[in-house]
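Work through the exercises below with the sequence and the model open side by side. Try each task before reading its solution.

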Amino acid sequence: MDRIREIQLFSKFSDLHIDKIKSQSMIKSYTKEGIVFYEGDDSKHIFVVLEGTVKLYKTSPKGTQIQINRFDAPAVIGEYACFESVPFPATCEFVTEGKIALIPRSFILTNLGDSDFALEMIKSLTAKIMVLSSLIHKETIYSSEAKVAKLMLENSEIFHKLKHNEIASILNITPETLSRILKKFKNQNLIESKKSGDMLVIDADSLHEVIETNKVQDCTNCIVQFKMDHGIK
């Protein structure tokens with residue numbers, strides 16, 4: 001529970017508040033792929049990730065996971081469902097081993113009369129809204145090519161840390177689409193892949209153009225491009 005002060009929601013709380021939170025919290029340990037809660041479960045707690053990494057995802061009617069976000073410890077999850085007394089809108093699963101502190105909703109509601117406590121809670125919820133707003137913008141504005149280009153520019157390290165199917169889930173595209181786009185970017189010398197699995201950006205300007213135009217520019221020599229795509233010399 002010592003890392004709780006690293007979380008914005010609790011960073012400015014007095015020692016008295018921190019001690020109260022600790023006394024009211026229950027600590028649970030999870031294995032890799034352990035489920036913290038399922039989409040549709042009832043919520044009576046705020047969950048504080050103390051160790052490890054979790055992912056939040058929804059499940060499509062076809063059974064496909066649509067990853068919404070990832071959180072590394074320390075982080076708070078489940079606030080919306082807790083405060084609104086509604087079922088969780090997504091499933092939370094550990095992608096590593098980890099620990100979570102469960103803080104009862106009743107304790108939070110009792111302490112909202114404290115102005116400092118309430119202000120920090122508002123700041124945390126505002127930050128969460130910004131994340132969701134960014135997600136909606138990405139899904140409604142960007143094409144698949146633009147999504148991949150944006151990720152390459154902002155967080156190319158993720159291609160070394162995660163499997164392609166996980167990255168595809170984060171971007172809400174199929175693994176096949178991701179592979180096709182990465183191959184296209186490589187053939188156009190926009191990126192380069194290393195044996196280590198790292199992806200390097202070679203032409204950042206062109207990737208920015210992909211984002212701005214929402215598409216990859218057509219090939220200038222389609223015969224040469226066709227040969228490259230199919231390994232023909």
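The exercises concern a predicted model and cover its sheets, a buried residue, a helix pair and a nonpolar core.

**Exercise 1. Work out the strand order of the sheet that contains strand 3, and state which strands stand at its edges.**

Step 1. Begin with strand 3, residues 45-51. Strand 3 is joined to strand 8 (residues 98-104) by six antiparallel bridges, and to strand 6 (residues 75-77) by three bridges, again antiparallel.

Step 2. Check the register with single pairs. Isoleucine 46 has isoleucine 103 of strand 8 as its bridge partner, while valine 49 is opposite alanine 75 of strand 6.

Step 3. Extend the sheet beyond strand 8. Strand 1 and strand 8 run antiparallel and are joined by five bridges; lysine 28 is paired there with isoleucine 100.

Step 4. Put the pairs together. The order is 1-8-3-6, an open antiparallel sheet of four strands. Strand 1 (26-30) and strand 6 each have a single partner strand, so they are the edges and one side of each lacks a neighbour in the sheet. From one strand to the next the twist averages 30 degrees.

Step 5. Consider burial. Five of the seven residues of strand 3 are buried, so the rest of the structure largely encloses this strand.

**Exercise 2. Describe the sheet that contains strand 2, and name its edge strands.**

Step 1. Strand 2 pairs with strand 7 (residues 91-94) through two bridges in the antiparallel sense. Isoleucine 35 is found opposite glutamate 93 of strand 7.

Step 2. The full order is 2-7-4-5, with four strands, antiparallel pairing and an open sheet. Its edges are strand 2 (35-37) and strand 5 (65-72), each of which pairs on one side only. Neighbouring strands are turned by 30 degrees against each other on average, ignoring direction.

**Exercise 3. Decide whether threonine 53 is buried or exposed, and list its contacts.**

Step 1. Threonine 53 belongs to strand 4, residues 53-59.

Step 2. Its relative accessibility is 13%. The cut-off for buried is under 20%, so threonine 53 counts as buried.

Step 3. Leaving out residues up to four places away in sequence, threonine 53 touches Phe71, Asp72, Glu93, Phe94, Val95 and Thr96.

**Exercise 4. Classify the packing of helix 7 against helix 8 by angle and by residue class.**

Step 1. The axes of helix 7 (residues 164-171) and helix 8 (residues 175-187) come within 8 Å and cross at roughly 100 degrees. The helices are therefore roughly perpendicular.

Step 2. On the helix 7 side the contact uses His164, Asn165, Ile167 and Ala168; on the helix 8 side it uses Pro175, Leu178, Ser179 and Leu182.

Step 3. Sorted by class, the contact holds five nonpolar, three polar and no charged residues.

**Exercise 5. Identify which members of the largest nonpolar core touch the most other members, and which helix gives the largest share.**

Step 1. The core has 24 residues, and those touching the most other members are Val148, Phe159, Ile167, Leu178, Phe185 and Ile191.

Step 2. At least two residues each come from helix 5 (144-155), helix 6 (158-161), helix 7, helix 8 and helix 9 (204-213). Helix 5 gives the largest share, five residues.

Step 3. Take valine 148 as a worked case. Apart from neighbours within four places in sequence, valine 148 contacts Leu171, Ile173, Leu178, Ile181, Leu182 and Phe185.

Step 4. Set this beside the general tendency: in soluble globular proteins, nonpolar side chains tend to be buried together.

Notes. Residues are numbered from 1 along each chain as its sequence is written. This is a predicted model: local features need pLDDT of at least 70, side-chain atom pairs count only at pLDDT 80 or more; totals for chains, interfaces and linings use all residues. Side-chain values use heavy atoms; hydrogens and water are left out. Two strands pair if DSSP finds at least two bridges between them. Axes are lines fitted to C-alpha atoms, for helices over the stretch in contact, and angles run from 0 to 180 degrees between N-to-C directions. Angles under 35 degrees count as roughly parallel, over 145 as roughly antiparallel, 65 to 115 as roughly perpendicular and the rest as oblique. Contact means heavy atoms within 4.5 Å. Ala, Val, Leu, Ile, Met, Phe, Trp, Tyr, Cys and Pro count as nonpolar, Asp, Glu, Lys and Arg as charged, and the others, Gly among them, as polar. A nonpolar core is a set of buried Ala, Val, Leu, Ile, Met, Phe, Trp, Tyr and Cys residues joined through side-chain atoms within 4.5 Å. Buried means under 20% relative accessible area, exposed over 50%, partly exposed in between (1.4 Å probe, protein chains only).
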